[in-house]
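Hi everyone, thanks for making the time. I'd like to walk you through how the chains in this one relate to each other, so have the viewer open.

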Number of protein chains: 4
Amino acid sequence: MTNQKTFISVPIIIHFGDTDPYGVVYFASYFRYCHHGIEAFFKTLGLPPHRYFRNTDKGFGLPVVDASCKFTRPVWYGEELELRVLINSLKEKSITFGFQFYRAGTSEQVAEGEATIVAIGRDWRARSLPNDLREAVEQFLRSGDCPRRAS
Amino acid sequence: MTNQKTFISVPIIIHFGDTDPYGVVYFASYFRYCHHGIEAFFKTLGLPPHRYFRNTDKGFGLPVVDASCKFTRPVWYGEELELRVLINSLKEKSITFGFQFYRAGTSEQVAEGEATIVAIGRDWRARSLPNDLREAVEQFLRSGDCPRRAS
Amino acid sequence: MTNQKTFISVPIIIHFGDTDPYGVVYFASYFRYCHHGIEAFFKTLGLPPHRYFRNTDKGFGLPVVDASCKFTRPVWYGEELELRVLINSLKEKSITFGFQFYRAGTSEQVAEGEATIVAIGRDWRARSLPNDLREAVEQFLRSGDCPRRAS
Amino acid sequence: MTNQKTFISVPIIIHFGDTDPYGVVYFASYFRYCHHGIEAFFKTLGLPPHRYFRNTDKGFGLPVVDASCKFTRPVWYGEELELRVLINSLKEKSITFGFQFYRAGTSEQVAEGEATIVAIGRDWRARSLPNDLREAVEQFLRSGDCPRRAS
């Protein structure tokens, strides 16, 4: 159940502290941007991130269990990026997000990655995704060829 | 009740992400280093930071309520710093830390600042400092002209 | 030459990594936000930050030489902030920015600070501010009681 | 040409800003720690990182071109980690580092990852690794079953 054409578009501003000492965005920053992308994805679907990454009342959390990224082009301070957040995979207990980084306003991809979040219960064991999250992601995937800007 | 001669010496390694895009440590990083300094200070006094910055059982916290720093010399990636953490002021409800940054192994000061933590209760109102913290700081101040390395 | 009524309004999203381990935005993050505010201020005035913080061709830089902030209210992950960037002082060789942090959509101020940037030449000595920067700030100050959103 | 038994051991202190709002080290922080690990690896081999990540005189750089990590156990603020840095692969133009994170003082692995750096020239095209770097890594690999603490 994947749909590569549907994505959330998130503008990324490069700040002091995001680059290496030579002015090039360094690899660890992209993973922070990926997390900003997940947060923007949740918000765009109407799901407040702070009630989903950890929900004490309902007894679940959504930790990232793996992440990877390839960095193909250098990006300098002063540039801006467009991050496209996709759903690479939706499973019973996990969601794998895809991340595509473009130089803003161009079709030049500079990095690409993915990250998987797993639903866990109070005991830190994997459990089914919360229903409202699953439904929101399914609806997003059904929305088809329809890129959206992060809200 | 201050003693400028007593300090905890904390080595600071400059990492990717600590500098501006031109390789110079940028001002916000120094405030992170100051917090590393407070953590090292607590550890050196035998007080685990994670039980003092917020202690749910005993119902207190120690938020920073103000901070300031002057930056007098540029420091580049590849250099190392020595941070000296002092007690500028110990009051009933608050501690003001002093921070002196030196190029490691030299007497050249590159930045200087301070930050105040206030003890608060469960209601986020100011209260007296926890007794064991006060006593540890008082003992530190009595230790006189005796610089210590962070443990 | 100051005008407290004119400011640039910058929305601040609180991300993972901006809070302490208890979910409260920790003090060093505010200084990063202040720098985001200076960047947004430059952009709103039509000055690309990466050509002003350091301009190798024209031989000048604009390092922060001091910064301070008071933190009056706790802010949690899940909240959003409005940062208002003001000019507290414009001098021959320096600009002092003022920063006011509000809970977004409210008049509740949670932190307030300032930071001074000084123009330096290739020799790292203070020099006059670049003319176009000075003129842009003067025009901003003349614009009077007219808050602007960051562009 | 790999040797899983040889590694550099790097102590990792968990700071404010490294955790999510619930006090658990969040995934992006591990990638920053990985970079600290590469820096410590270089230093331990007698190679100053700031002359290797980018060397303007000799016209080479060593950007990270891909990185990945799996996160198997939660780690809280207040804990410490041991990061073991290994060489997973040494090629003509690239080095792949392995990273194993343990709860300090235990054999409990909490995360595992790798990252590849590629040597590039002034034109940002891949080139052979600098000779002294290659030789230092080869010597490290020959040193066999001999863990070392980061210097």
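**Chain D and its partners**

Let's begin inside chain D, with one residue pair: in strand S7(D), Thr116(D) is the bridge partner of Asp66(D). Just keep in mind that this is a predicted model.

Now zoom out a little. That strand, S7, covers residues 109-118 of chain D, and S4(D) pairs with S7(D) in the antiparallel sense, over seven bridges.

Okay, so what does strand S4 of chain A pair with? Strand S4 of chain D, residues 64-71 in each chain, again antiparallel, this time over five bridges. If you want a spot to click on, Cys69(A) sits opposite Ala67(D) in S4(D).

Next, the operation behind that pair. Turn chain A by 180 degrees, with 0.0 Å of shift along the axis, and it superposes on chain D with an RMSD of 0.0 Å. That is how a two-fold axis relates its copies. The surface is shared as well: 100% of the contact residues of chain A recur in chain D. And which residue of chain A comes closest to the rotation axis? That's Ser68(A), with its C-alpha at 2.0 Å.

Chain D has another relation to look at, with chain C. A turn of 180 degrees and a shift of 0.0 Å along the axis lay chain C on chain D, RMSD 0.0 Å. Here too the same surface serves both copies, since 100% of the contact residues of chain C turn up again in chain D. Within chain C, the residue closest to the rotation axis is Gly17(C), its C-alpha at 2.1 Å.

That's my tour, over to you.

Notes: Residues numbered from 1 in each chain as written. Chains lettered and ligands numbered in written order. Predicted model: local features only at pLDDT ≥ 70, side-chain atom pairs only at ≥ 80, totals over all residues. Heavy atoms only, no water. Least-squares fit on C-alpha atoms with pLDDT ≥ 70 in both. Contact = heavy atoms within 4.5 Å. Pairing = 2+ DSSP bridges. Helix = DSSP H or I, 4+ residues; strand = E, 2+ residues; numbered from the N terminus.
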